[in-house]
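Please find below a colleague's note on the structure under review. The points are numbered so that each can be taken up separately against the coordinates.

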Amino acid sequence: MARLVFDLDGTLVDSAPDLQAVANQVLSGEGFAPISLDEARDFIGEGTAVFVRKMRARRGIPDSEQPRLLASFMALYENAVEHTQPYPGAIEILSRLKESGHSLGLCTNKPLGPCMALLRHLEIDTYFDAITAGDSLPVHKPDPAPLLHTLDSMGDGPAFFIGDSEIDGETAKRAGIPFVFFTEGYSKVRMSALPYTATFSRYPFLPGLVEAMLRRAA
Ligand SMILES: O=C(O)COP(=O)(O)O
Ligand SMILES: [Mg+2]
């Protein structure tokens, strides 16, 4: 059986509309124009502090405002679940993989508060044997520590990291874990630039892919 660690934003769920809504509430409170959904997608991947930094830069808001705007952002982000949708089939396939005996983990740069609020909202908070969020450790992805920390509490077995971005690819590479690339998320680079072992675009393809990778690893 495998240890399957998933990224969250852009991999299991499309959360960009919620991040866009939070950003636009913060921006409108400061008298600035809103950001588009594409901009929100572009800013996701390296955690909330980086999202807020990129959002500020887009509107020319000075660095000195980072702590204050990050705090306003976090307060609204804590329960931002309403506009987030799982990718088609993601939840069913997670549950099928779990029933087949695989161990599931989550390694995200989303902070633990909004991460858990979202998992509870989707009723999948009990699916995971280990969860490492963006603020669980002093470092976050692409540092390999969060991925290795997640795997540590998942027993034994071949490990795979399933994610949507170059940050995830880099994390997997530095941890020495094969990377499975979900192509429908928020990646900003060409696919050929990513160090992936396998790739999929639709969740129903994932169980077969996992079986094939396990056969190859055996
Ligand atoms: O919150 C982010 O910036 C990214 O989150 P992710 O690691 O789940 O993609
Ligand atoms: Mg992601």
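1. D63 is placed in the loop that joins α3 to α4. In this predicted model, D63 is exposed, because just 9 other C-beta atoms lie within 10 Å of its own, where a count of 12 or fewer is the cut-off for that class. Along the chain D63 and R53 are 10 residues apart, and their C-alpha atoms are separated by 7.7 Å.

2. The confidence figures may be stated next. The mean pLDDT of the protein is 96, and 100% of the residues reach 70 or more. The model scores are 0.97 for ipTM and 0.96 for pTM.

3. The domain assignment divides the protein into domain 1, made of 3–14 + 85–217, and domain 2, covering 16–77. Between the C-alpha centres of domain 1 and domain 2 the distance is 25 Å. Domain 1 gives 12 residues to the contact, and domain 2 gives nine residues. On the domain 1 side, the residues that touch domain 2 comprise four nonpolar, five polar and three charged.

4. Does the length of helix α1 agree or disagree with the expected span? Helix α1 runs over residues 16–29, and its 14 residues should span 20 Å at 1.5 Å a residue; the end C-alpha atoms are 20 Å apart, so the two values agree. The buried residues of α1 are A16, D18, L19, Q20, V22, A23, V26 and L27. Their cover includes β2 (13–14), α2 (37–43), α3 (48–59) and α4 (66–77). Just after α1 comes G31, with a positive phi of about 85°.

5. T48 belongs to helix α3. T48 counts as buried because 22 C-beta neighbours lie inside 10 Å, the threshold being 20 or more. Not counting residues up to four places away in sequence, T48 touches L70, F73, M74, Y77, P111 and G134. By contrast with these contacts, a separation of 30 Å lies between the C-alpha atoms of T48 and A2, which are 46 residues apart along the chain.

6. The loop between β4 (103–107) and α6 holds K110, and N109 lies in the loop between β4 and α6 as well. Is K110 buried or exposed? K110 is buried, since 26 other C-beta atoms are found within 10 Å. N109 also counts as buried, because 28 C-beta neighbours lie inside 10 Å.

7. The contacts of these two loop residues can be listed separately. With neighbours within four places in sequence left aside, K110 is in contact with L8, D9, C115, A133 and G134. One of these partners, L8, is 102 residues from K110 in sequence and 7.8 Å from K110 in space, C-alpha to C-alpha. For N109, again leaving aside neighbours within four places in sequence, the contacts are G45, E46, G47, G134, H140 and K141. The C-alpha atoms of N109 and D168 are separated by 9.8 Å, and the two residues are 59 apart along the chain.

8. Two backbone features deserve inspection. The peptide bond from K141 to P142 is cis, and omega is near 15°. P142 is located in the loop between β5 (130–132) and α7 (145–152). The other feature concerns E123, a residue other than glycine whose phi has a positive value near 60°. E123 lies in the loop between α6 (112–121) and β5. Because E123 has 9 C-beta neighbours inside 10 Å, E123 counts as exposed.

9. Which residues make the contact between α5 and α9? Helix α5 (residues 90–99) packs against helix α9 (residues 206–217) at an angle of about 35°, and the axes are 10 Å apart. From α5 the contact takes I93, R96 and L97, and from α9 it takes L206, P207 and V210. Sorted by class, the contact of α5 with α9 has five nonpolar residues, no polar residues and one charged residue.

Definitions and conventions:
Residues are numbered from 1 along each chain as its sequence is written. Chains are lettered from A and ligands numbered from 1 in the order in which they are written. This is a predicted model: local features need pLDDT of at least 70, side-chain atom pairs count only at pLDDT 80 or more; totals for chains, interfaces and linings use all residues. Helices (H or I, at least four residues) and strands (E, at least two) are DSSP runs, numbered from the N terminus. Axes are lines fitted to C-alpha atoms, for helices over the stretch in contact, and angles run from 0 to 180 degrees between N-to-C directions. Two residues are in contact if their C-beta atoms, placed from the backbone, lie within 7 Å. Ala, Val, Leu, Ile, Met, Phe, Trp, Tyr, Cys and Pro count as nonpolar, Asp, Glu, Lys and Arg as charged, and the others, Gly among them, as polar. pLDDT is the predictor's confidence in each residue, from 0 to 100. Domain bounds come from an automatic or database domain assignment. The expected span of a helix is 1.5 Å times one less than its number of residues.
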